[in-house]
Amino acid sequence: MPKDSGIGASPKRREDVRFLTGAGNYTDDINVNGQAYVHFLRSDVAHAKINGLDTSAAEAMPGVVRIFTGADFEGVGGMPCGWQVTDRHGDPMQEPPHPILAQGKVRHVGDPIAAVVADSAEQARDAAEAIVLDLEELPAVVNMKAALEDGATKVHDDLTSNLCYDWVLGETDDAAVQKAFDDAAHVTTLELTNQRLVANPMEPRVAVGDYNRGTDEHTLYTTSQNPHVIRLLMCAFVLGLPEHKVRVIAPDVGGGFGTKIFHYAEEAFCTFAAKACNRPVKWTASRSEAFLSDAQGRDHVTKIELALDKDNNFTALRTNTLANMGAYLSTFSSSVPTWLHGTLMAGNYKTPVIQVNVKAVFTTTVPVDAYRGAGRPEATFQLERVIDKAAREVGVDPVALRRQNFVTEFPYDTPVALTYDTGDYNGTMDKLEVAADFAGFAARRAESEKNGKLRGLGVNCYIEACGIAPSNVVGMLGARAGLYDAATVRVNATGSISVMVGAHSHGQGHETAFPQVVAEMIGIDESQVEIVHGDTSKIPFGMGTYGSRSLAVCGSAMVRATEKIINKAKKIAAHLMEASDADIELKDGVFSVAGTDKSVAWGDVTLTAYVPHNFPLEDIEPGLEETAFYDPANFTYPAGAYACEVEVDPETGKVTIERFAAADDFGNIVNPMIVDGQVHGGIGQGIGQALLENCVYDDSGQLLSASYMDYAMPRADDVPFYTVDHSSQTPCTHNPLGVKGCGEAGAIGSPPAVVNAVIDALQSGGKDVGHIDMPVSPARVWAAMNG
Amino acid sequence: MYNFEFVKPASVADAVAALGEEDAQALGGGQTLIPTLKQRLAAPSKLVSLSGIAEMKGVSAADGVLSVGGATTHGTVAAEAGAYPALADLASHIGDPAVRNRGTIGGSLANNDPSACYPSAALASGATIVTNAREIAADDYFQGMFTTALEEGEIITAVKFPIPEAANYQKFLQPASRFALVGVFVAKYADGVRVAVTGASEDGVFRWSEAEAALSKEFRGDALMDLKVDPANMIGDLHGTKEYRAHLVGVLTKRAVVAAG
Ligand SMILES: Cc1cc2nc3c(=O)[nH]c(=O)nc-3n(C[C@H](O)[C@H](O)[C@H](O)COP(=O)(O)OP(=O)(O)OC[C@H]3O[C@@H](n4cnc5c(N)ncnc54)[C@H](O)[C@@H]3O)c2cc1C
């Protein structure tokens, strides 16, 4: 029987009522009395020296409040990078300055040069057009290989080259790795590109800066996944403001997908300008601006080699990746191709020798940072593609080859720094075989062939490191922040509860799922519990939402705080019933004394906490509010197996997805419906990457796919109905809920399944195609089929 | 957007007069023009809306000719051009419902986007573009990407399509915009077959004369077997190479012939 409340139940998402009825409160809905508007003048070339910047005519335009240029920010800090990667020689990465407004040079199309603050948005835009700019164009740096050649144009003059770092993980002894390859019975090699993507949340970024002259307090309303992180970075590294004088509010946020984690120049600008102009300052990105200023995702070029012994055991894996950083280091950019990518190269397999090399490269393009999955999709894609290719080359079933090499004993120390605490990859694959109906594939293929179509089945596994992350571990790896989270549980006198959480909900359904946990622990109705998030003045602290961490880390803090509440409430109950604390039991919202018929209700206890007429004041304080910070002991390791069935039209190369099945192990599940939705959305994004999306710059650094006319987002009819199975569950061993996180899995696990399926289809049609880079567009499939 | 004046005349004569002003521009459904204005890529002083002109709206069929008013929306054509099913079908696959409820045939033909659908129908049907001043044969009207025979201020008031014996439009979607990556309109008349191709050529919509000759002899998909389109003049971009588009022209033409029956 499915439960109808508490952990494991699927109540509908309470937040959807406001989203679906137009009652949401997004940042662009916020208008502060007297606000002015900012328009950023952005570079329309990829790389240039600013020889002249004359704002005098623009300043005289109607409505202009003030025009800011780089000169206004001399001495102000630049946008910081939150993770220092140490290269293979022990040296720190090259870290160029990232100014709020360009200082002497522009480095990508969209790089902000000047900011016009005016009474209206249109006036600001008019005035920006009147700024006279003298740009001396420099050669664009677009191709990563060329960027690393001797004598290449440098993106940053003060750096020694365009190489940010050259990093190695796993076996550092090149000769040892080579020996493993020399000894191999078979080596499969694959070169591939994991293309750049634009995140494209439905809501473009917005920032409103407000300054109160009377109290010297700043408020920033912003489209962020982590308001405390923004406050910390902006205060400590950029503007030098005292944190207690700065409030950051991220109200309803219309999707993030990673690109709203980062601290952006526009946020610091609006905060700064509100004080400088003594007026609230608002910026709303247009979609075109979003394409040119939101951090983009992926963009790896990789060579991967897999060594197998004569029995098809994986013996070694070597990867060489070029990772595009874009023009500047966005907040977590440096960690994505290293600690979020290299560490996952073991996948679900017990390959004993692994060497991962990543060279991060500066180019004159929009900065690249975490995008749903962040490094893990890149790792999964190359590994699961090379395994598929190897299976074909050695002539074994790709599922059998995977099963043979699965990690089966836990905990398992990978050669690339992680310890998987638990998992059951064979069990998950068993679920997939049923969910995807492997048995019926041959008949479906025959049916497709009758209709002149090629049908393919693609399978892959994935593992991710989520629940980011143990602070001591990430600190050792170069993170400049801790990655714990926090929650305050505030019980009101009448028994209802507000939980202030550091995790931010922008599509994940926290407002529904988190109360399910607290309500279950206490035994009260979910409607009595509400979460509060997205405002640094209301919540204790929080590192925000990304890396599938909210429930695993912040949810754990919430559990700890609720445990403290229950302990204290038991003491009060014991006092009321004149019993000993140890004898008090809490069930269904009623405290009773073990072995007696004495009981008091939850509401009696909470009222007593706030009306302490009869209260153990000598032992405990009145009130009922507790805070907990939670720092996880390890990452969590969601894992799964996905299967995709495609049809290929051999005449046009068009791929249609006919079936898609996902078997995931997320550990325990709080709200199965929300988890289904997260997986559906993730797979949709993965299919978008596999078939449609492509962020392309031309040789001069112009973004060719700069609007929806050329950047193909997945639409409803591009995706099939999904079969999703979460019944394979190995609970996380180290957090109190046993949860692992589910937000990124779909986007991580699905691209290789799609591409593997396309290759399988083409092979079945007698076309010996080894690989097609994503997006697997009709044109690319047709080209691959025709030589 | 820059500021502009806005007028909504009720007759073609008033619209023509309003368009006589310097930098005045006609506004059909605004599905191309409004995004252009929003991006500040155009700065007309005055927009002359054609949507209030009753004489420019509606679909009617008589004597083997389907007439569509220049300000008729795609949605109306989809619903009311039953006398020319292939044309109604084409209109029903333009953009999304919002686009179809605003966008007009006059706007589409005036704009002559190289990937738009209607130009292929007009050219394959040997349609007549009727303006406030004259009648222009489709063969003379389309003059390359975004270029037409229209004079400054000239308004398309109607389009007259001779109704073919059989016809079909095959649209292969550009994955992002869902305009035609390649679209082929085949129309079979008593005196021969016409084939017009959109989306493919650097020169905009064009007639594939070899296919027309072959199909006029024998209206069967197989008739095209030995024909190839020269990739040289095709569009090559991030959605498809010249060779791919040339190949698609052949595939889609064959499919259109088969579907037309
Ligand atoms: C999301 C989206 C998807 C689309 N998909 C497709 C598609 O799949 N296939 C396709 O073919 N098109 C597509 N379009 C384009 C659409 O069909 C437009 O409506 C059409 O191209 C322009 O028509 P309009 O009436 O909106 O013209 P407007 O945008 O108002 O005007 C366009 C131009 O035509 C001029 N003009 C307008 N009417 C007349 C007239 N009667 N006489 C002379 N000049 C005139 C205007 O001055 C302007 O220069 C799409 C558009 C959008 C926004």
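**Exercise 1. Count the helices and strands of chain B, then check its overall dimensions.**

Solution. Chain B has 10 helices and 12 strands. These are DSSP runs: H or I of at least four residues for helices, E of at least two for strands. The model is predicted; local features need pLDDT of at least 70, side-chain atom pairs need 80 or more, and totals for chains, interfaces and linings use all residues. Residues are numbered from 1 along each chain as written, chains are lettered from A in written order, and side-chain values use heavy atoms, without hydrogens and water.

Next, the extent. The C-alpha trace of chain B spans about 55 × 45 × 30 Å along its principal axes. Chain B has a radius of gyration of 18 Å, which agrees with the value near 18 Å for a compact globule of 261 residues. The radius is taken over C-alpha atoms, and the globule rule is 2.2 Å times the number of residues to the power 0.38.

**Exercise 2. Describe how domain 1 and domain 2 of chain A meet.**

Solution. Start with the bounds, from an automatic or database domain assignment. Domain 1 of chain A is 34–83 + 96–138 + 205–284, and domain 2 is 297–469 + 634–785. Their contact takes 23 residues from domain 1 and 24 from domain 2, where contact means heavy atoms within 4.5 Å.

Now the area. The two domains bury about 1900 Å² between them, 66% of it on carbon and sulfur atoms. Buried area is the accessible area (1.4 Å probe) lost on being put together, summed over both parts. W83(A), F257(A) and F262(A) supply 31% of the area that domain 1 buries against domain 2.

Last, the charges. The count of salt bridges between domain 1 and domain 2 of chain A is zero; a salt bridge needs a side-chain nitrogen of Lys or Arg within 4 Å of a carboxyl oxygen of Asp or Glu.
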